[in-house]
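Reader: Before accepting the descriptive terms applied to a structure, I should like to see the reasoning behind them. Would you show me the structure and then take my questions in turn?

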Amino acid sequence: MVRAKFNGTEMSFNAGISILAAAREAGLEIPTICNDERLKAVGACRLCLVGIRGEKQLAMSCTRTLEDGMEIETHSAEIERARRMNLRMLAKNYPYDAVSRFPDKDFHRLTLKYGLKREDFADFDHQAQIDRSHVYMDVDMTRCINCYKCRRICDEVQGQFVWRAAGRGAATRIVPEMFDAFAKSGCVSCGACADVCPTGAIEDKKYVQYGEPAAWTKTVCPYCGTGCEMNVGTSHGRIVQIRPVRESPVNHGHLCVKGRYAFDFVHSDDRVTEPMIRENGDWRKVDWATAFRYTADRLGAIVSRNGADSAAVLGSARATNEENYLAQKFARVCLETNNVDNCARVCHTPSAAALKLMLSTGAATNSFRDIERAETIMICGANPTENHPILGARIKQAVLRNKTRLIVIDPRRIELARYADVHLQLKPGTNIALLNSIACAIFEEELVDHEFIAARVEDFDKYREFIAEFQPEKMADICGVKAGAIREAARLYASSKPSMCVHGLGTTEHTQGTEGVMCLVNLALITGNLGKPGTGVNPLRGQNNVQGAAQMGCDPGILTGSIAVEEGRALFESVWGRELPRTKGLSQLQMMDAARDVRLKALWTIGYDVFLTNANAAATERALGNLELVIVQDMFLNETAKKFGHVFLPAASSFEKDGTFMNGERRISRVRKAIEPLGDSKSDWEIICGVAAAMGHGQYFSFRSAEEIWNEIRLVWPGSYGITYERIEDRGLQWNCPDLDHPGTEILHGEKFGRETKASLKRIRYNPTFEKTSPDFPLLLNTGRTLYQFNAGTMTLRTKNRELRPFDLLSISPADAARLNIADSEVVRVKSLYGEVEMPVEITDKVTAGELFATFHNPEIFLNRITSPNRDRFVQTPEYKVTAVRVEKIGV
């Protein structure tokens, strides 16, 4: 601690703090334009001047460290004169009309506060010089005062390096890279530069259109599983702006293009806001009472005729924890079936199954803050800068600023491969062979952590004997990776510790997806990279509440808290006052099989476009076509509703309701209503309660708020009992959190794996995928997301993100394009054994010859018409990542 006086008052502060930060802790507001807590201080604006006793010159408080015994003056007449003079210097070439139009900008407020007059500014027409090329931001560098915040935040937080300083001295100006229009730069549209700009030289178009919002509401992003916190600005019942929460432990005051800008779907013209029933092929609008009665009667009749297991419910990764809890409770109480699931089935259920089987808990072992604590990060089958952009930026900054070592395992040359120490560009479908070969190299080079193994690991000798057959030299041809690169990755992961693994759907969406995650756990166990800061095995969850949907019990085999049905039966029956079903439930893919066989008769799908997103769409189409009743609950008529729906129940967006989300690091955070639900739409929990009441089960669903539902969740899930709405008002908590004094759990498995001290290594054999190339289908297709679109496109395709990425593209190597005589942007036909699609081509060196990559967002293209029926043998997750195809020119 250091002691110092501010304006005569002595106080204590932590050592190493800047004078500016100390003054703010003391409640003193020192003006500054170039300072931001996310950035390294540079003192460019010279407004944060202070006087220090014993020093003749005024000092910049942002760059000066507070020292013990300092006596500091913050607002003397001399200091205020100096600040006024510096503001006049900044204003002399600045257009006055900008100040009058936008008085809330930081620079404008200071000039008005310090009494600058119109004559202190320049008077010229700057409108013609505005660069309006970008879809979300305007750039007017006549308003730039060279604070460098745009350049610094792009470099130091996002890591995109878009902004450059051109010229020298007084002639210095900030320009986009390549000195061209902003839209032609490498900008990824995160909006951080607009967020920090104190003048509006870089400005959100929405701010220009609507001005400062009338109200702000703190909530959580509705897109990926990072769980970024955001402030939602509203005016006249409309969302007009979104900004990041500066103090958030998740996103540290940063957002991606989707979180910051892709919110106009809420107000889309084609949003459905009234319940509808389909009669004779046409949709008819009805009131809620009619919709509830019709839905309840149809469900009741089907169950009465065919038995409880003839109906099923699919929860939603976009709904809150509270709503998913009620979805599975509805299935088990009202329908008396365990036929309930959610979209985790087709993405990260392999992660949950593998982690639960081996380590007792089916969730991330560590926290996002471990990115900055790791010495080595291994990314396996994930593309964070596109699919989890805030985490991707943090990983990039860890490498660039902290010199963290990086291993990338991916068939494509993703952006982070550019910064990797080792990029293992394996053949699709060979994850097991590669991961086992890394383990073999760790043993051969004697890099195992014997101390950790002795204390925490079982079956070591059997595993060592088994893994010896996977020498990198033997696996190199199978994987398409040089043995030396495999060994280098093994050395880095085992030696440059702590080592953290993050993985995505490139690990899980395979026939051996669950086993692939088991192999990652094996690597962590043999190197001692578990239960410590900067380590662990961490799935990057794809949707905002996919972790929560499964954790709430939207899974046929588990109840809320991820407890097996039989293990939790007594507690749940006691709290619910109802007996739980005893028959084994169906997963989502098993539901499709049962519908195909005419055993499943009714399906209620909540916030989930099953038809568009399931692999092998032809099989899904046949299955859904057999159902007597399809209830779709969503904001829009998705592809499932258009073709198969009988009832449509209009749901509120996450901006229109209260509740909680659970992100990929097990953090439960508050979701808050920013605007009222549009039209007659209702929150998902209100709709579920309405149908339950119409079926005669209202006494089990008599909730009046999301908080009441959460408090029931706390009764059935002991690990969440300590998490109350009051405790997470300011920031979320990570489970386990069993009591009201518990701080939450950042890192799992510090001492035990559940009830056990030791975890067993698993001997995983490599079984090649059934999907193989042939003369008829010589190319392997891999599928995934892109930065600017999100999953089925339900939300992002209804925003201006569509201008940034209008449609799905087929990535093909230059060699394959030349061989097939295909030009860039040409529309081609892609065929597999299962169907065909037509889509435009993108020629790129990010994929290797013989391999293709395509995104799957556009229903017009409908990529899943060509993906395979192959599934993971443990949890039935489809093999989206490997399909044999051929590419044909159209009209030839």
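Author: The exchange below concerns a predicted model and sets its values against the definitions in use.

Reader: Why are helix α10 and helix α28 called roughly perpendicular?

Author: The axes of α10 (residues 321-333) and α28 (residues 706-716) cross at roughly 65 degrees and come within 9 Å. Angles of 65 to 115 degrees count as roughly perpendicular, and therefore α10 is described as roughly perpendicular to α28. The crossing of these two helices is left-handed.

Reader: Which residues make the contact between α10 and α28, and how do they divide by character?

Author: From α10 the contact draws on N321, E322, Y325, L326 and K329, and from α28 on A706, I709, W710, E712, I713 and V716. Seven of the contact residues are nonpolar, one is polar and three are charged. Tyr counts as nonpolar under the scheme applied here.

Reader: What makes helix α27 "mostly covered"?

Author: Helix α27 spans residues 684-694, and nine of its 11 residues are buried. The term buried requires under 20% relative accessible area. Those that satisfy it in α27 are D684, W685, I687, I688, C689, G690, V691, A692 and A694.

Reader: Against which elements do the buried residues of α27 pack, and what is notable in the backbone of G696, which follows the helix?

Author: The packing partners are the helices α9 (288-306), α10 and α28, together with the strands β25 (602-606), β26 (629-634) and β27 (647-650). As for G696, its phi is positive, near 90 degrees.

Reader: How do you know that strands β13 and β14 pair?

Author: Pairing requires at least two bridges between the strands. Strand β13 (residues 276-279) and strand β14 (residues 282-285) have four, in the antiparallel sense. One of the matched positions is E279, whose bridge partner in β14 is D282. The two strands form a hairpin with two residues between them, and N280 in the turn has a positive phi of about 55 degrees.

Reader: What is the basis for joining β13 to β27 as well?

Author: Two bridges connect these strands, which run antiparallel, and at least two are required for a pair. Within β27, V647 stands opposite I277.

Reader: Why is S653 classed as it is, buried or exposed?

Author: Its relative accessibility is 2%, whereas the limit for buried is under 20%; S653 therefore counts as buried. This serine is located in the loop between β27 and β28 (659-662). Leaving aside residues up to four places away in sequence, S653 touches F265, V266, R271 and M635.

Technical notes: Residues numbered from 1 in each chain as written. Predicted model: local features only at pLDDT ≥ 70, side-chain atom pairs only at ≥ 80, totals over all residues. Heavy atoms only, no water. Axes fitted to C-alpha atoms, helices over the stretch in contact; angles between N-to-C directions. Parallel < 35°, antiparallel > 145°, perpendicular 65-115°, else oblique. Left-handed = near helix turned anticlockwise from the far one by under 90°. Contact = heavy atoms within 4.5 Å. Buried < 20%, exposed > 50% of the residue type's maximum accessible area, 1.4 Å probe, protein only.
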